[in-house]
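Please go through this structure with me in questions and answers, giving the reasoning before each result.

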Amino acid sequence: MPNLFTHPHKRYNPLTDEWVLVSPHRLQRPWQGKVEQTPQDSLPAYDPKCYLCPGNERAGGHRNPPYKNVFVFDNDFSALLIDTPKATLRKSKLIRAQSEKGICRVICYSPRHDLTMAELPTRDIENVVDVWTKEYYELCSRKEITHVQIFENKGAIMGCSNPHPHGQIWATQTIPTEPAREIKSQKNYANANGGKCLLCEYLKLELETGERIICSNDEWIALIPFWAKWPFETMVLPKNHVKDLVAFNNKQRQNLADILKKITTRYDNLFNVSFPYTMGLHQAPSDYKPYDFLHFHIHFYPPLLRSATVQKFMVGFEMMANAQRDITPEQAAERLRSLPEEHFCQKCK
Ligand code: H2U
Ligand code: ZN
């Protein structure tokens, strides 16, 4: 019997109902290339030109307060507006449009311009988790809002406009495509399996072998999903079934900060660089429907492939057909697992 995983094969993603092509024969050899040392930008703790630093003026003309902790403000260039008038276009089934209301916010993780999530003390990441929870709760309470997407773009390669550690929130009137797809899959799975949770069941399978698990703590697991499309894509999951941030107990909240610190540190240590990614929280919408089948989780989608400068492009076959990867999720997990949890950079020591 040939080993399925040493030959080209397709893996199914039950969350998005998509397939990914895995081509391990292209990368069977262990990694022998050099690890490039890219010069680190040395950033100041405060940058007078940064629109996110405390006390500075933003592009929109507002001035940031001299904040000492986490700071949230309404995005000066919001993609969504709360007072958008209701309108629909239904010219035919093929040409349809509808107005969309929403609120966009920016979250500065810290007054320090020079520290990323990996470099912040865990206590400061706990503050970020607390603010996520508060914002999620407040935005969900608004009648115009059905879905709250919390995310972070990190690194210029991901389109991030500023190294000052920050994330965003886009709260929308309807559930956007990606979460809607994942919600549908989890709901269908629960309906077809006596109410069982897709991700609880998946986690059980992952814990049996541990081959895709990177790190964990009392409450959380960070792993490379079996169906990951990005080379070092990870998913961070609570061990116990929880549907949103508000439902976490203190221990789960504190341990979330801990696992975020651990996974982002491992990422930075992979290529000795401040590792770029897009990260996002997936949790229950707020349209008062039951979402007990949903399992809170965080996706990290990093673009880097082989070094600080060599990235994976989702082009060609990926855009026209389906996602493809060479390094297997198991190999990627092993590499991340073997890295230290102490940050390579001296300033964090
Ligand atoms: P990104 O770096 O992930 O693009 O996030 C920065 C956000 O900050 C971006 O959405 C907003 C941009 O609109 N912004 C302000 O709200 N005010 C400013 O003065 C500059 C940037
Ligand atoms: Zn700054």
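Q: Which geometry does the site of the zinc ion (ligand 2) have?
A: In this predicted model, the protein donors of the zinc ion (ligand 2) are Cys50 (SG), Cys53 (SG), His113 (ND1) and His164 (ND1), which lie 2.0 to 2.3 Å from the ion. Four donors count as tetrahedral if all angles lie between 85 and 135 degrees. The angles among the four donor atoms here are 103 to 116°, and the geometry of the site is therefore tetrahedral.

Q: How many residues apart in sequence are the parts that cysteine 53 and histidine 164 tie together?
A: The donor residues of the zinc ion (ligand 2) follow the spacing C-x2-C-x59-H-x50-H in sequence. Cysteine 53 belongs to the loop between β2 (18-22) and β3 (71-74), whereas histidine 164 belongs to the loop between β7 (147-154) and β8 (166-172), so the parts that this pair ties together are separated in sequence by 111 residues.

Q: Is cysteine 53 buried or exposed, and what is its relative accessible area?
A: A residue counts as buried when its relative accessible area is under 20%. Cysteine 53 falls in the buried class because its relative accessible area is 0%.

Q: How many disulfides does the structure hold?
A: A disulfide requires a pair of cysteine sulfur atoms within 2.5 Å. For cysteine 197, the closest cysteine sulfur is that of cysteine 200, at 3.7 Å, which is too far for a bond. For the structure, the count of disulfides is zero.

Q: Which residue has a side chain joined to that of glutamate 135 by a polar contact of 2.7 Å?
A: Glutamate 135 is placed in helix α1 (residues 122-140), and with a relative accessible area of 5% this residue is buried. Val72, Arg105 and Ile169 are the residues that glutamate 135 touches when those up to four places away in sequence are not counted. The side chain at the other end of the 2.7 Å polar contact is that of arginine 105.

Q: What kind of aromatic pair do tyrosine 267 and phenylalanine 300 form?
A: The count of aromatic pairs comes to 16. In the pair of tyrosine 267 and phenylalanine 300, the rings are 5.7 Å apart centre to centre with 65° between the planes, and the pair links distant parts of the chain, with tyrosine 267 in helix α4 (residues 250-271) and phenylalanine 300 in strand β13 (residues 297-301). Planes over 60 degrees apart count as edge-to-face, and the pair is accordingly edge-to-face.

Notes. Residues are numbered from 1 along each chain as its sequence is written. Chains are lettered from A and ligands numbered from 1 in the order in which they are written. This is a predicted model: local features need pLDDT of at least 70, side-chain atom pairs count only at pLDDT 80 or more; totals for chains, interfaces and linings use all residues. Side-chain values use heavy atoms; hydrogens and water are left out. Helices (H or I, at least four residues) and strands (E, at least two) are DSSP runs, numbered from the N terminus. Buried means under 20% relative accessible area, exposed over 50%, partly exposed in between (1.4 Å probe, protein chains only). A polar contact is a pair of N or O atoms within 3.5 Å; within protein, one must be able to donate a hydrogen and the other to accept it, and residues adjacent in sequence count only if both atoms are side-chain atoms. Contact means heavy atoms within 4.5 Å. Donors are N, O and S atoms within 2.8 Å of the metal (3.2 Å for Na, K and Ca); water is not among the atoms, so sites may look incomplete. Four donors count as tetrahedral if all angles lie between 85 and 135 degrees; four count as square planar and six as octahedral if opposite donors are over 155 degrees apart and all others between 65 and 115; anything else is irregular. Rings of Phe, Tyr and Trp (its six-membered ring) pair if their centres lie within 6.5 Å; planes under 30 degrees apart count as stacked, over 60 as edge-to-face and the rest as tilted.
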